[in-house]
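Colleague: Could you take me through one part of this model in some detail? I'd like a close look at the cavity, and then at what sits around it in the chain.

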Amino acid sequence: MSTELRTALRDRPYADLLKRIGEVAAQEEIEAYAVGGLVRDLLIGRPTTDLDFVTVGDGTGIALAEAVADDLGGTTAHVYPNFGTAAIRLPAPWAPGVDEDADPLVLEFVAARKESYRRSSRKPIVEDGTLEDDQHRRDFTINAMAMHLHPERFGQLIDPFNGQRDLDRETIDTPLDPVETFDDDPLRMIRAARFATQLEFRVSDRVFEAMTNRADRVEILSQERITEELNKMIVADQPSIGFKMMEASGILAHILPLVQRLKGVERRNGRGHKDNFYHTLKVLDNLAERTAHRDADDTRWLRWAALFHDIAKPDTKRYSKQDGWTFHGHEDRGARMIPDIFRRLKLPMDERMQYVQKIIRLHHRPIALVDDDVTDSAVRRLLYEAGDDVDDLMIFVRSDVTSGNPHRRRRYLKAFDRVEKKMVAVEEKDRLRNFEPPVDGYEIMETLGIDEGVAVGIAKTWIREAILDGDIPNEHDAAFNYLMQIKDEALRRGELFETMLHRLSGPERRATGAIKDAVFNADLPTDEDAALAHLDAVKQDTLAPAEPASSD
């Protein structure tokens with residue numbers, strides 16, 4: 001056994017399991033090896049819960065997995081015959097001393113194979129192979145090492161491409177010519193950036209040159225494969241490493257063009273703005289550092305928000321002699337862009353996307369609360385809109401301070417200290433975390449004798465606004481009394497909306513949202529005909545063709 005592996009295995013809770021798998025393989029007369037990330041992580045002292053095994057011979061990967069499952073007892077080998085692989089999932093505690101809350105241990109078995117690619121396809125032609133064939137097809141030298149499992153040679157390192165040397169040099173390199181490697185599977189270019197990020201390694205000069213020359217090859221990749229790598233990269237301790245590498249090599253422009261376009265500084269009259277690409281990556285790194293005590297997966301969506309928080313700045317960039325460069329409204333526009341971005345990247349279109357939207361939409365709001373004369377109402381609104389995510393929002397806005405001037409950084413951070421004190425004071429007084437009006441929709445319907453509809457929504461909204469504005473306390477009796485004051489106007493406006501809705505037909509229904517907004521918020525005349533005329537004017541304005549954009 002090599003000295004390094006012997007030392008490393010001594011401290012790993014899965015060492016006895018590896019020996020047991022080697023013994024089962026010997027009994028079954030199957031040639032088996034531990035490979036890839038397991039060996040790499042052993043040599044650099046990095047924890048892992050994914051153990052990969054290669055066997056030699058058609059069908060031997062599945063056969064060994066089933067034999068190991070039988071030997072362990074109480075577990076099952078999940079077989080994927082189309083891929084010639086099998087996996088065993090061992091829930092924690094899977095070894096003595098392993099905490100019950102630890103991640104499960106996943107054992108993956110596959111028979112050695114060799115692959116060849118057609119240039120126009122990302123799908124390989126697969127044939128049975130030897131261990132050497134399997135190592136040749138690996139992406140990087142540090143992932144092409146193997147370890148004997150046979151009891152007589154257990155722990156011996158097989159390293160045909162000097163992967164151990166590249167670990168010592170902290171370098172990502174390929175076993176074969178990197179151009180050939182990346183032509184075979186362009187995802188390996190993104191993986192090079194991902195491994196460099198996770199391990200904080202550099203890529204070799206020849207690998208970076210090949211990434212640059214073959215950057216356009218990523219166009220043939222499925223979005224799911226790309227996003228899987230990005231998800232791993234973004235939760236690293238210093239995510240900027242990979243994003244900078246992909247930008248410099250030209251890959252980023254193909255996979256995240258909206259992030260790529262943030263790069264660059266425009267100047268007028270000697271005044272320039274900051275480079276929003278490098279600012280974004282600094283925010284991402286700051287966020288990773290500020291949340292280092294939390295599980296990285298727990299901050300994954302906060303990190304995605306960091307990557308996209310300034311995504312709309314190129315669209316909102318304006319210059320004036322008085323104010324210089326401004327990006328007014330970029331946070332609202334950026335939040336509206338998120339659904340399309342998530343859909344394109346095959347990211348989840350659920351509450352996780354909504355969380356990212358919320359952080360982006362609100363990320364400039366806390367700085368507006370710094371002034372001493374800020375009202376409790378403004379603080380209430382932010383607490384209401386942020387809800388349980390207000391703590392993450394404050395972590396984010398602190399991470400968004402990237403000025404190179406230490407005095408300015410301290411000034412901003414102290415300002416956010418004051419904002420948080422205001423939030424605590426208002427929260428203790430008004431109990432607005434996850435606020436819901438103390439009079440709900442069911443009570444409104446019962447009290448007013450109406451069914452669900454716009455009038456109920458108006459009443460709920462006006463009660464909420466009165467509480468947030470500080471006009472009434474966040475208490476049931478006060479809210480109910482307020483309902484009695486506004487009920488007639490809420491009912492009137494509900495009837496006006498229903499009247500307008502019945503008048504709309506065909507394409508006119510595009511104006512429904514604008515009419516509803518006016519019914520909720522506009523100052524409507526008390527006369528019914530005048531109020532309907534006002535709403536009809538809203539409809540006409542909404543349906544009118546847009547004027548041509550100015551050439552200025």
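Modeller: Sure. Let's start with the walls: the largest cavity is lined by Ile255, Leu256, Pro257, Leu258, Val259, Phe308, Ile341, Arg344 and Leu345. Two elements each give two or more residues to that lining, helix H13 (257-260) and helix H17 (330-345). Keep in mind that this is a predicted model. By character, the lining splits into eight nonpolar residues, one charged residue and no polar ones. As for volume, the largest cavity comes to about 60 Å³, and the structure holds one cavity of 30 Å³ or more.

Now follow the chain on from H13. Lysine 263 makes a salt bridge with glutamate 247, with 3.2 Å between the closest N and O atoms. The lysine belongs to the loop between H13 and strand S12 (267-268), while glutamate 247 is part of helix H11 (residues 240-249), so this pair ties together parts 16 residues apart in sequence. The two partners sit differently with respect to the surface: lysine 263 has a relative accessible area of 35%, so it's partly exposed, whereas glutamate 247, at 11%, is buried because the cut-off is under 20%.

Next comes the loop between helix H14 (276-290) and helix H15 (300-308), which is where you'll find threonine 291. Its relative accessibility is 0%, so threonine 291 counts as buried. If you set aside neighbours within four places in sequence, threonine 291 touches Thr299, Arg303 and Ile395.

A bit further on, there's a salt bridge between the side chains of aspartate 310 and lysine 313, at 3.3 Å from N to O. Both aspartate 310 and lysine 313 are buried.

Later in the chain, lysine 358 and aspartate 389 pair up through their side chains in another salt bridge, at 2.9 Å from N to O. That one links distant parts of the chain, 31 residues apart: lysine 358 is in helix H18 (residues 351-362), and aspartate 389 is in the loop between helix H19 (376-386) and helix H20 (390-399). Lysine 358 has a relative accessibility of 19%, so it counts as buried, and aspartate 389 is buried with a relative accessible area of 19%.

To put those pairs in context, the structure holds 38 salt bridges. Some of the charged residues link up as a network, which joins Asp139, Arg191, Arg194 and Glu229.

Key:
Residues numbered from 1 in each chain as written. Predicted model: local features only at pLDDT ≥ 70, side-chain atom pairs only at ≥ 80, totals over all residues. Heavy atoms only, no water. 1 Å grid on protein atoms, 1.4 Å probe; cavity = no way out; pocket = protein on both sides within 12 Å on 5 of 7 lines; lining within 4 Å. Points joined across faces, edges and corners; volume = space filled by probe spheres on them. Helix = DSSP H or I, 4+ residues; strand = E, 2+ residues; numbered from the N terminus. Nonpolar A, V, L, I, M, F, W, Y, C, P; charged D, E, K, R; others polar. Buried < 20%, exposed > 50% of the residue type's maximum accessible area, 1.4 Å probe, protein only. Contact = heavy atoms within 4.5 Å. Salt bridge = Lys/Arg side-chain N within 4 Å of Asp/Glu carboxyl O.
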